[in-house]
Every structure is written in C-alpha cells, then in structure tokens.
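Hello,

Here is the structure I promised to pass on. Please open it first, then read the notes below.

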Amino acid sequence: MDILVVGGGGREHAIVRKLKESPHCGTLYCAPGNGGISRDAVCCDVAATDIEGMVALAREKKVDLVFVAPDDPLVAGMVDALEEAGIPAFGPRKAAAILEGSKVFSKELMKKYGIPTADYAVFDQPQEALAYVRERDRYPAVIKADGLALGKGVILCDTYEEACQAVKSLMEDKVFGASGSRVVVEEYLTGPEVSVLAFTDGKTVKPMVSAKDHKRAFDGDRGPNTGGMGNISPNPHYTQADADWCMEHIFQPTVDAMRKEGRPFKGCLFFGLMLTPDGPKVIEYNCRFGDPETQAVLPRLKTDLIEILQAVREERLADMQIQWSEKACACVVMASGGYPGSYPKGLPIEGLAADGQLSSGSADVTVFHAGTKWEGGRFVTAGGRVLGVTATADALDAALDKAYEAVGEIRFENAHYRKDIGRTR
C-alpha cells in the first residue's frame with residue numbers, strides 16, 4: 001500500500017517509521033514532513049491544514065490510504081473531504097473530531113452519559129467567568145480555551161489575579177484566536193496523570209499501552225505548558241485494575257456515547273486521565289495520536305500497524321489481537337532555547353548521521369525529528385520541539401538512562417531539555 005501521512009512533527013515521524021516496518025508498506029509520502037522524515041518517506045510541500053491541496057496530492061500520488069495525524073485538519077474535516085473524493089483515510093470525521101475541537105462539547109457529552117470528569121461551568125463572557133471563579137474561591141482554578149490551542153490552552157491559576165490574566169489572555173487578547181471565545185472553568189483534580197491512546201472502529205475499543213506526559217517546560221513540573229517535553233511508557237501509576245475500570249466506565253462508554261449521538265468515532269481516541277482519590281476521571285479527549293505519547297507508545301507495538309488501520313476502517317477491530325512489547329520506552333524532547341515562547345531557527349545540529357539517527361548508532365535508540373530541516377548537507381533546527389530522543393529497554397530506568405546518554409551526544413546552540421523525565425513519579 002502506498003500511504004500518505006499528513007503532518008510534519010515527531011508524532012508523524014514515529015508513525016512513518018512504524019508503517020515502514022510493515023510488509024504491506026509500499027511508497028510512503030509525508031506532507032509537509034521535516035528533515036528527519038525525509039529520510040524515511042517522500043516529503044511533499046503541502047501544509048497539513050490544506051484540505052484541497054492534500055486531496056489533490058493524494059490523487060496525484062494515487063495513494064491507497066491517507067493517515068491524517070494532527071488535530072487541526074481532523075477538526076476541519078480533512079477525512080470527510082478525502083473520503084468524499086473516494087480516497088480511503090484513517091482518522092475521525094469532523095462530526096467526531098469535535099470531541100477534541102470543543103471542550104464544551106466533550107464536557108457536556110460526559111455529563112450527559114455519566115462519564116467521570118471534573119465539575120465545570122462554561123462561559124462566553126469574561127466578567128461572568130471571573131465572577132464564578134471569585135465566588136467559588138478554590139485554587140488552583142483551571143481555565144481552558146474551548147477550541148484547539150496547540151496543546152497550550154489549559155491555564156492553572158493559583159490566585160484570582162492569575163485567573164483575571166488567564167481570562168483576559170484567552171477571551172479578550174485572543175492569544176489562541178476564536179478558540180478562546182468560550183472558556184471552561186473547571187475543578188482542579190489531583191493525582192497522577194495518565195495518557196491512554198486507543199484504536200476504535202466506532203464500536204470496539206482497543207486501548208494501547210499507557211503513557212505519562214510531561215507538559216511543563218522546566219524540571220519539577222514548573223514553567224509554562226508546552227506541547228510535551230517527554231514521555232514514558234508504561235505509566236508506573238496505571239494498574240491493570242485501573243485499566244479494567246476505565247474500560248468499563250470511560251473508554252467503552254465514550255465510544256458508545258459518540259455513536260448514540262450520531263457521531264461514530266473511527267480512528268485513534270486519546271484519553272487524558274487523572275487517577276484521583278475518587279477514582280479515574282477524564283481530563284480531556286484528543287481525536288488523534290498524542291505528541292510525544294506516540295513516540296513512546298508506537299515503538300512498543302508488535303502487531304502490524306497497517307493491518308490495524310485496515311481493521312479500524314472496515315469495522316472489524318473486534319477480530320484483532322493487538323500485541324505489545326513488555327519493554328519500557330522513554331522519550332526525551334530536545335527543544336529550542338526559548339520554547340514555548342520565541343526561539344531562533346536554522347541552528348546546526350551535531351551528533352546526527354545523514355540518516356537522521358545518532359552518529360554513534362544504537363539499536364535501542366531512535367531519534368524522532370519534530371522541528372528539523374535538511375539544509376546544506378546537514379540538519380538544522382526548524383521548530384520549538386526539535387527532536388524526540390527515544391530509547392527502549394527491559395526496565396524504565398534503563399530506558400531513561402539510554403535516552404539521556406543519547407541526548408548527551410546531540411548538540412545545538414541553546415538546546416533545552418528536561419532532566420527529570422520519568423523521574424518525577
């Protein structure tokens with residue numbers, strides 16, 4: 001099968017490399033891709049959000065499947081456009097992708113169907129949101145933009161003054177555009193966070209192995225939220241008992257609820273969970289593979305990914321046995337100094353071979369490229385998150401040691417990475 005992967009980050013690189021392992025894989029295309037992805041697929045200069053351009057590219061290349069990976073094109077309806085053009089696609093249609101596209105929709109769905117989540121209130125007027133925060137007088141207060149915000153639309157406020165700034169930033173300054181026109185003010189939940197991605201064909205749910213994300217920019221979970229500074233799998237806090245409970249009370253009920261709403265969800269559904277003292281609760285849904293969760297989860301997948309994608313599309317996921325490696329996996333993100341704020345681009349990266357992997361070579365280490373470009377015979381930085389340095393081992397501590405050893409072999413000016421990924425448990 002010739003396959004086109006939509007996107008150009010570390011998640012897409014992990015998807016491309018896993019697809020390449022399949023004997024069913026023909027030519028792989030990626031649009032727009034990046035420097036590292038260009039070593040594993042044919043990169044095409046079409047923006048991930050360009051629906052018409054992507055349909056035209058898929059037709060031109062006569063691909064057998066388009067894997068739509070990022071949230072923006074999914075929420076905008078890229079899968080609908082591809083399928084209507086007769087091009088098979090993997091990912092939820094627009095009506096289902098609203099599960100991530102609108103936090104208001106997802107919260108109201110959970111309330112309607114009794115899926116455990118934090119208490120909340122919805123506001124479209126700044127003064128009403130702040131009056132509610134002042135009246136509740138409970139901190140931290142959680143304020144979320146309704147729409148997509150690059151994974152950064154959740155603000156934890158320790159004081160009323162911080163809540164005022166958050167509401168102003170989202171609703172008045174429009175730092176995330178129309179996504180902040182409505183906000184959700186939410187109860188602050190405590191407990192370990194867990195990420196669980198799941199394959200679903202609209203009826204059957206097959207959860208993947210668990211992961212733990214590290215969203216804050218600095219060690220000790222301090223600093224601003226980012227798209228993710230690293231990930232480990234499995235999550236040491238998530239037990240089999242948790243998994244069984246979540247399957248019965250969260251995973252299957254969510255898929256059933258979407259089908260009952262006339263919005264069947266087919267693709268990868270991401271459950272962001274909190275293991276609270278009152279049991280697991282949903283923090284958020286994402287309508288796609290997470291980034292960098294994918295970089296820590298997919299290396300553990302033993303079953304052929306292309307066969308899983310076909311089973312999802314043909315609604316026969318119930319017949320599949322999906323197998324996972326018992327090994328642990330750790331991903332450490334190397335970012336540009338200044339991320340998630342402003343940062344320079346075009347800085348030379350040392351320590352990588354021409355194939356984008358470590359110059360020293362290691363069978364247990366994979367470098368997933370997120371923000372790189374191949375320029376003048378070398379890799380240079382081209383984004384905030386630059387590389388996801390990923391290692392596997394029999395135990396998590398060993399995987400982390402390998403990942404950090406590999407990070408030490410890679411250099412670019414003002415490289416920033418957390419030194420406590422997987423250590424803050």
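**The sheet and its helix**

Start at Thr-200: its bridge partner in β16 is Gly-267. This is a predicted model, so please read everything here in that light. The two strands to look at next are β10 (residues 193-201) and β16 (residues 266-276). They pair in the antiparallel sense, over nine bridges.

Now widen the view. The open sheet has four strands, in the order β11-β10-β16-β17, and the pairing is antiparallel. Why do β11 and β17 each have one side without a neighbour in the sheet? Both stand at the edges, β11 at 205-207 and β17 at 279-286, and each has a single partner strand, so one side is left without a neighbour. From one strand to the next, the twist averages 35°.

A helix packs on this sheet: α9, residues 240-260. It touches β10, β11, β16 and β17. The direction of α9 makes about 130° with that of β16.

**Helix α7**

Next, go to α7, residues 126-136. Which of its residues are buried? They are Pro-126, Ala-129, Leu-130 and Val-133. These four cover an arc of only 95° around the axis, which puts them on the same side of α7. Gln-127 and Glu-135, on the other side, are exposed.

What covers the buried residues of α7? The cover includes the strands β6 (120-123), β7 (141-145) and β9 (183-186), and also α8 (160-172).

One last stop: Asp-137 follows α7. Its phi is positive, near 55°.

Best wishes

Definitions and conventions: Residues are numbered from 1 along each chain as its sequence is written. This is a predicted model: local features need pLDDT of at least 70, side-chain atom pairs count only at pLDDT 80 or more; totals for chains, interfaces and linings use all residues. Side-chain values use heavy atoms; hydrogens and water are left out. Buried means under 20% relative accessible area, exposed over 50%, partly exposed in between (1.4 Å probe, protein chains only). The arc is that of the directions from the helix axis to the C-beta atoms. Contact means heavy atoms within 4.5 Å. Two strands pair if DSSP finds at least two bridges between them. Axes are lines fitted to C-alpha atoms, for helices over the stretch in contact, and angles run from 0 to 180 degrees between N-to-C directions.
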